[in-house]
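Trainee: I would like a close look at a single part of this structure. Please take the loop that follows the middle helix, and set it in its surroundings.

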Amino acid sequence: MADKSNDPVAMWQNMIGEMEKGFNSFANQAMASPEFSKVVNQVGGVTAGAQKQLGEIMEKYLVGMNLPSRAQMVTMAERLQSIEGQLNEIKAMLNAMNSNAAAATGIPGAPKPPRTKRPPSAGGEQK
């Protein structure tokens, strides 16, 4: 095996490990200070405010373009899901009623109309 002191990969790993330890200690010291938490809190507040303003601007833009907003689309999707649920219930009830009616009459479905035409005979005439 190769000597570890001359291995470039091992030296690279050692160097990266030391850099990572130094960065972690610096970051831990920085995060422990009250100034850091104050700055992070301010940045979070600014981000939340900007996001709220962007939402309001988009709402106004969509109203101006006569398009539904996200909240309106969510409401519409919820209503459609409710309607689909009700339709599925109605469908199940109709299927149950149809199967109950078929069982009561002994006929497995709707009666078929009588056949009035006969197939043509060998001579080509209809009877």
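Mentor: What follows moves from the whole chain to that loop, and then to a contrasting pair elsewhere. Keep in mind that this is a predicted model.

Start with the fold. The protein has three helices and no strands. Along the sequence the pattern reads α-α-α. Of the 127 residues, 3% are buried. The accessible surface is about 11,900 Å². Carbon and sulfur atoms account for 62% of that surface.

Now the helix that leads into your loop. Helix α2 covers residues 34-64, which makes 31 residues. At 1.5 Å a residue, α2 should span 45 Å. Its end C-alpha atoms lie 45 Å apart, so expectation and model agree.

Next, the loop itself. The loop between α2 and α3 holds Asn-66. Ser-69 also has its place in the loop between α2 and α3, with α3 running over 70-105. Take the two residues in turn.

Asn-66 comes just after α2. Its phi is positive, at about 60 degrees, although Asn-66 is not a glycine. Is Asn-66 buried or exposed? Its relative accessibility is 70%, so Asn-66 counts as exposed; the cut-off for exposed is over 50%.

Ser-69 is another matter. Its relative accessible area is 3%. Buried means under 20%, so Ser-69 is buried. Which residues does Ser-69 touch, once its neighbours within four places in sequence are left aside? They are Glu-59 and Leu-62. Both numbers fall within the 34-64 range of α2. The loop residue Ser-69 is thus in contact with residues of the preceding helix.

So the loop offers two cases: Asn-66 is exposed, whereas Ser-69 is buried.

Finally, look away from the loop, to helix α1. The structure holds one salt bridge. Lys-21 and Glu-18 form it through their side chains, at 3.8 Å from N to O. The two are three residues apart in α1, which spans residues 8-32, so about one helical turn separates them. How accessible are the partners? Lys-21 has 55% relative accessibility and counts as exposed. Glu-18 has a relative accessible area of 46%, so Glu-18 is partly exposed.

To sum up the part you asked for: the loop follows α2 with a positive phi at Asn-66, and Ser-69 in that loop contacts Glu-59 and Leu-62.

Conventions:
Residues numbered from 1 in each chain as written. Predicted model: local features only at pLDDT ≥ 70, side-chain atom pairs only at ≥ 80, totals over all residues. Heavy atoms only, no water. Helix = DSSP H or I, 4+ residues; strand = E, 2+ residues; numbered from the N terminus. Buried < 20%, exposed > 50% of the residue type's maximum accessible area, 1.4 Å probe, protein only. Areas by Shrake-Rupley, 256 points an atom, 1.4 Å probe, with all protein chains shown as cover. Expected span 1.5 Å × (residues − 1). Contact = heavy atoms within 4.5 Å. Salt bridge = Lys/Arg side-chain N within 4 Å of Asp/Glu carboxyl O.
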